[in-house]
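Here is a friendly walk through one protein model and the ligand that comes with it. Please keep the structure open beside the text as you read.

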Amino acid sequence: MSEARLELDDIQSGVLRPRPAPYVATYIVFRIDDRRAGRELMRGISNVVTSAANPSSPLADTWASVALTYQGLKALGVPAESLDSFAWEFRQGMASRATELGDTGESAPQYWEKPFGTPGVHVVLVAVSPDSQRLEEVLEPARKAYRDMSGIEAIWRQDCHALPSETEPFGFRDGISHPAIEGSGIPGTNPKEAPLKAGEFVLGYPDELGGTQFPQPETLGRNGTYVVFRKLQQRVATFRKFLRDNSKNSDEEELLAAKMMGRWRSGAPLSICPMHDDPQLGADPKRNNDFLYKEDDPMGFKTPGGSHIRRTNPRDATIAGVVRLHRMIRRGTAYGPLLPDGVLKDDGADRGLMFAFVGAHIGRQFEFVQSEWINSGIFFGAEKDKDPVVGSLNDQDKFTIPRRPLRRRLQLSQFVVTRGGEYCFMPGIRALRWLADLQT
Ligand code: HEM
């Protein structure tokens, strides 16, 4: 089959482009009280949002993207037959899917930051840039589009920024592994993974199963995609204390951290250097994702089957299911201050990751990974285990490190708590104008 040509000039930049490093980012959530004002917001923002064309332009690192929730599409007056053509999970919204996602206990929607979990979350605007000055340059015209408009309310904001350590808050290099997408012109990071069909990530193109579903009408659905935002609070002191309590010395602590993640903090994969960290390898984009599991490490003696990266992308490992149907684009940005090195006591600060998933299939991509691969171990034969870093954990949950002569089993604590989030649709740029021109 020939490669689909993606209409890059109609696809929002945030869909295909990895965030710059270092970065600053802002998320702003709007409520639409008046549909005419909402449509004017779409018109204004359609002039600000950048497309995925020209990936090599120096301006390409700075962009604004906009996405709408199901309630947001309703608030704009999108007709019912169109609303009904969107993915079922999207129409339910994230809070309604809490049980399936493991958002229970402290992560349950009733404890989320407001307005998450309420019907008032309509539009999410994200701006990303390598520095604050350029972020302001992209935000200012967006602000003009909503500042003096009545009938639109900015109701939540989260500023994010690369930490001085250039890692996520637990201290690991992030943003390493991304799938390659046919026709996008943006290379993947694992030379051993064949590019995925464009329809896995952009609606309106054939996907891995040969389908081309998209919401109707075509002008609205084509070149759009689904985006899942989650504010994930990270309990860094609890994580560090767990490592300390389960290790005899600092070398063991680092090895345990690496076994839980599947990579050393530098980003170097256990698969390539199982015994010690190799910061040069961790920083080398040509080598740090160039590996598979099946032949070299079928039992997980190097990279445990239960580690975060092997669960969320088992690559060619023998598991129940087809890995290529559950791949995802991730766009995580850190928020909150760094917990200084060595501190094991919680300082009460809110810190974590604004996690963003991008993909054409919320159900078989994001929800599947979250429920079957992160919060269950059945797929690789460890029924009682969960993801040791990001799982929805309680005192019964375990992490297994395969070892000779005896495996090691550890009892986990909860390190990540969901503070809110929503399922969104990120329309193509023509679709934003279609929304602005609605006459209902
Ligand atoms: C606070 C929560 C999280 C933290 C701190 C975290 C951290 C990391 C880190 C450090 C990596 C390795 C670097 C990389 O490959 O980019 C990684 C990889 C990955 N994470 Fe997470 N993550 C979090 C939540 C999630 C969630 C909720 C999902 C899915 C629903 C997810 C899916 C993935 C995937 C697919 C990979 C790439 C695996 C690979 O291809 O090898 N992560 N994460």
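The report below starts at the ligand, moves on to the aromatic rings and ends with a few single residues.

**Around the ligand**

Please bear in mind that this is a predicted model. In it, the ligand is surrounded by 26 residues. Ile176, Ser177, His308, Arg315 and Arg330 are the closest of them. By residue class, the shell consists of 13 nonpolar, seven polar and six charged residues.

Which protein atom is the donor of the iron atom of the ligand? NE2 of His308 is the only protein donor, and its distance is 2.1 Å. On the chain, His308 belongs to helix α12.

Oxygen atoms of the ligand also have polar partners in the protein. The table lists three of these, with the part of the residue that takes part.

| Residue | Part of the residue | Distance to a ligand oxygen atom |
|---|---|---|
| Gly175 | backbone N or O atom | 3.0 Å |
| Ile176 | backbone N or O atom | 2.6 Å |
| Arg330 | side-chain N or O atom | 2.8 Å |

Looking at the shell by element, two or more residues each come from β5 (225-234), α12 (308-312), β8 (352-359) and α13 (362-374). Helix α13 gives the largest share, with four residues.

**Aromatic rings and charges over them**

Now to the rings: there are 19 aromatic pairs in the structure. A pair of this kind is described by how far apart the ring centres are and by the angle between the planes. Take Tyr27 and Phe229: the ring centres are 5.5 Å apart and the planes stand at 85 degrees, so this pair is edge-to-face. The two residues come from distant parts of the chain, 202 residues apart, with Tyr27 in strand β1 (residues 24-32) and Phe229 in strand β5.

Are these two rings' residues buried or exposed? Tyr27 has a relative accessibility of 4%, so Tyr27 counts as buried. Phe229 is buried as well, because its relative accessible area is 6%, and the cut-off for buried is under 20%.

Elsewhere, ring pairs join Tyr70, Phe86, Phe90, Tyr226 and Phe425 into a cluster.

Some rings have a charged residue over the face. Arg222 sits over the face of Tyr205, 4.7 Å from the ring centre. Lys231 does likewise with Tyr335, at 4.6 Å from the ring centre.

**Three single residues**

Arg310 is worth a look if you still have helix α12 on screen, since that is the helix in which Arg310 is found. At 6% relative accessibility, Arg310 counts as buried. A polar atom of the Arg310 side chain lies 3.4 Å from the backbone oxygen of Pro298.

Asp10 lies in the segment before α1 (13-16). With a relative accessibility of 4%, Asp10 also counts as buried. What does the side chain of Asp10 make a polar contact with? The partner is the side chain of Asn223, at 2.8 Å.

Gly210 lies in the loop between β4 (152-161) and α8 (218-221). The relative accessible area of Gly210 is 48%, so this glycine is partly exposed. Measuring from C-alpha to C-alpha in the model, Gly210 and Asn190 are 23 Å apart in space, while 20 residues separate them in sequence.

Methods. Residues are numbered from 1 along each chain as its sequence is written. This is a predicted model: local features need pLDDT of at least 70, side-chain atom pairs count only at pLDDT 80 or more; totals for chains, interfaces and linings use all residues. Side-chain values use heavy atoms; hydrogens and water are left out. A residue is near a molecule or strand if one of its heavy atoms lies within 4 Å of it. A polar contact is a pair of N or O atoms within 3.5 Å; within protein, one must be able to donate a hydrogen and the other to accept it, and residues adjacent in sequence count only if both atoms are side-chain atoms. Ala, Val, Leu, Ile, Met, Phe, Trp, Tyr, Cys and Pro count as nonpolar, Asp, Glu, Lys and Arg as charged, and the others, Gly among them, as polar. Donors are N, O and S atoms within 2.8 Å of the metal (3.2 Å for Na, K and Ca); water is not among the atoms, so sites may look incomplete. Rings of Phe, Tyr and Trp (its six-membered ring) pair if their centres lie within 6.5 Å; planes under 30 degrees apart count as stacked, over 60 as edge-to-face and the rest as tilted. Buried means under 20% relative accessible area, exposed over 50%, partly exposed in between (1.4 Å probe, protein chains only). A charge sits over a ring if NZ of Lys or CZ of Arg is within 6 Å of the ring centre and within 35 degrees of the ring normal.
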